[in-house]
Amino acid sequence: MKIQKRMLLSNAWILTLALLVLLGISSILFNILRTEGDVEGGIYGDQEIFEAAQQLVGFNGNDLAELDRILQEENYQFLIYQDGEAVAVNIDADNSLQKQIPKMNLSTQPGLWYLEPNIVVGAKISIAGKGYDAYIVLPIDEEEAIVEGHRTKLSLFLVVGLLAIVLILMFSLLFTKRMTKRIITPVNKLLNSAYRIEQGDLSTPIEYRGEEEFETLCEAFNHMQEHLKREQEKNAAFECARTDMVAGISHDLRTPLTSIKGYVKGILDGVAATPEKQQAYLKIVYEKAISMEKLLQKLFLYSKLETGNLPFNFIETDMNEFLGKYIQQEMPELEHRGVNLNYTVASDNEYPVTIDTEQLTRVMGNLLENAVKYSKNPALEIDIGLKRNDDFATITIKDNGAGVSEDKIGHIFEQFYCVDEARGTSGKEGNGLGLYIVKHIVTVHQGTITAENDKGLKITIRIPLTSQKKWQPKI
């Protein structure tokens with residue numbers, strides 16, 4: 001049951017009990033304040049009035065004169081009527097009661113009336129088979145009667161009221177204690193779990209079954225804890241990968257730098273004595289410098305990517321036109337490196353896209369460099385294809401190299417992930433940055449990139465075509 005519903009029910013119970021108590025108090029006060037009632041029950045609480053009533057209802061004589069005598073012996077003022085005519089009177093003739101009393105409705109049970117400044121007890125009686133209306137008049141001190149009556153009523157009201165307050169408080173405390181326990185139990189579990197997480201323990205979930213809201217809260221807390229644990233493990237793996245990357249980059253920089261120093265020193269020491277040898281040494285130095293420049297460029301791009309400062313300048317162009325120009329520009333260099341590059345396009349289609357040509361050039365360059373570097377095939381062939389699928393321009397880059405093992409191919413676009421041993425390299429030339437940067441750039445273009453083995457490694461890039469609706473980069 002939801003805690004909100006439980007609290008409403010608890011308050012309803014408390015209110016119901018309070019109303020029942022108030023109903024009881026009202027019933028008591030009603031019986032105190034009513035003007036007629038059961039004398040035998042003693043609800044009037046006045047012994048003289050009770051005795052006067054008993055004289056009427058308890059008379060069992062056979063003569064009216066006998067009742068007259070008994071009432072006079074008791075010093076009562078009384079009036080007895082038969083059929084509306086006074087047959088026995090012991091009251092002053094000028095008393096206004098003689099005009100008021102005959103208007104009262106009597107029964108065989110005694111009734112009580114307050115006629116200032118007297119109390120009248122009246123009842124129907126039967127003597128020798130004849131019916132009479134009998135009244136006994138009891139003069140009272142009005143002020144004293146009112147004060148005493150109010151004092152009795154007030155005392156009774158205070159006692160009953162205090163008792164009602166105590167009962168309501170007891171029930172309220174009981175319900176509040178139970179409700180507090182239901183709330184505090186999960187709160188303490190959450191608090192203890194927070195302290196435990198603060199100490200670094202993310203492996204123990206909260207076990208709680210009870211109020212629906214707290215069950216949901218504890219489940220959310222457990223999900224948060226699991227997420228923190230996964231992120232912690234992920235960060236630990238990233239930190240390990242980052243450390244390996246720094247070591248790899250240090251190696252990648254140290255190797256060409258050592259070569260550069262060696263060849264420059266050879267020139268300075270005269271080892272390269274002929275112009276031809278000097279030219280060969282300088283060419284090697286230049287190539288090593290280019291290798292270092294590319295690595296530093298990757299680091300620069302990664303830094304921009306991590307800080308969100310990697311610039312994008314989107315323009316509308318045709319993907320076929322872009323790829324054609326890029327391949328024409330790169331073809332001589334690839335042929336010089338012994339790579340056979342083929343480009344196939346479905347020419348009957350147009351490929352309007354909104355792209356950053358500089359960043360997409362970097363994507364193509366990284367993928368081609370990756371294929372050349374890791375293909376493990378001296379007769380490398382790279383096939384680039386372009387076709388239109390639905391609302392996407394689909395680019396494929398396929399080589400005839402060794403491919404990537406199936407258990408690792410799904411991770412090659414992850415940050416710092418290296419599969420050097422799977423792609424046939426023997427050193428630590430990979431640093432896990434190139435393909436990660438490629439995926440980020442494609443994602444910003446609202447595209448997707450996937451990898452699969454197809455007699456070599458096949459990369460598929462899908463870039464959305466420009467449509468009539470507004471296009472926004474996914475930055």
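This note comments on the salt bridges, a nonpolar surface patch and helix α3 of a predicted model.

1. Salt bridges in general. The model contains five salt bridges. Three of these pairs are taken up in the points below, beginning with Lys124 and Asp133.

2. Lys124 and Asp133. The side chains of these two residues form a salt bridge with an N to O distance of 3.1 Å. Lys124 has a relative accessibility of 39% and is therefore classed as partly exposed. Asp133, with a relative accessible area of 23%, is likewise partly exposed, since the buried class requires a value under 20%.

3. Lys265 and Asp269. A salt bridge also joins Lys265 to Asp269, and here the closest N and O atoms are 2.6 Å apart.

4. Arg337 and Glu369. In this salt bridge, the closest N and O atoms are separated by 3.2 Å. Arg337 belongs to the loop between α8 (319-336) and β7 (340-345), whereas Glu369 belongs to helix α9 (residues 357-374), so the pair ties together parts that are 32 residues apart in sequence. Arg337 is partly exposed, its relative accessible area being 37%. Glu369 also counts as partly exposed, at 27% relative accessibility.

5. Nonpolar surface patch. Which residues form a nonpolar patch on the surface? The patch consists of Leu163, Val166, Leu167, Met170, Phe171 and Leu174, which together have about 540 Å² of accessible area. Among them, Phe171 is located in helix α5 (residues 142-198). The relative accessible area of Phe171 is 35%, so this residue is partly exposed.

6. Buried side of α3. Helix α3 spans residues 64-73, and its buried residues include Leu64, Leu67, Asp68 and Leu71. These residues lie on the same side of α3, because they cover an arc of only 105 degrees around the axis. An aspartate, Asp68, thus appears in the list of buried residues beside Leu64, Leu67 and Leu71.

7. Packing partners of α3. What do the buried residues of α3 pack against? Their partners are the helix α2 (47-57) and the strands β1 (77-82), β2 (85-89), β4 (118-127) and β5 (130-139). Of the residues discussed in point 2, Lys124 falls within the range given for β4, and Asp133 within that given for β5.

8. Ends of α3. At the N-terminal end, Asp63 acts as a cap for α3, with a side-chain oxygen placed 3.0 Å from the backbone nitrogen of Ala65. After α3 comes Asn75, which has a positive phi near 60 degrees.

Technical notes
Residues numbered from 1 in each chain as written. Predicted model: local features only at pLDDT ≥ 70, side-chain atom pairs only at ≥ 80, totals over all residues. Heavy atoms only, no water. Salt bridge = Lys/Arg side-chain N within 4 Å of Asp/Glu carboxyl O. Buried < 20%, exposed > 50% of the residue type's maximum accessible area, 1.4 Å probe, protein only. Helix = DSSP H or I, 4+ residues; strand = E, 2+ residues; numbered from the N terminus. Patch = residues over 30% accessible without salt bridge, like charges linked within 9 Å, V, L, I, M, F, W, Y side chains within 5 Å. Areas by Shrake-Rupley, 256 points an atom, 1.4 Å probe, with all protein chains shown as cover. Arc of directions from axis to C-beta. Contact = heavy atoms within 4.5 Å. Polar contact = N/O pair within 3.5 Å; in protein donor to acceptor, adjacent residues only side chain to side chain.
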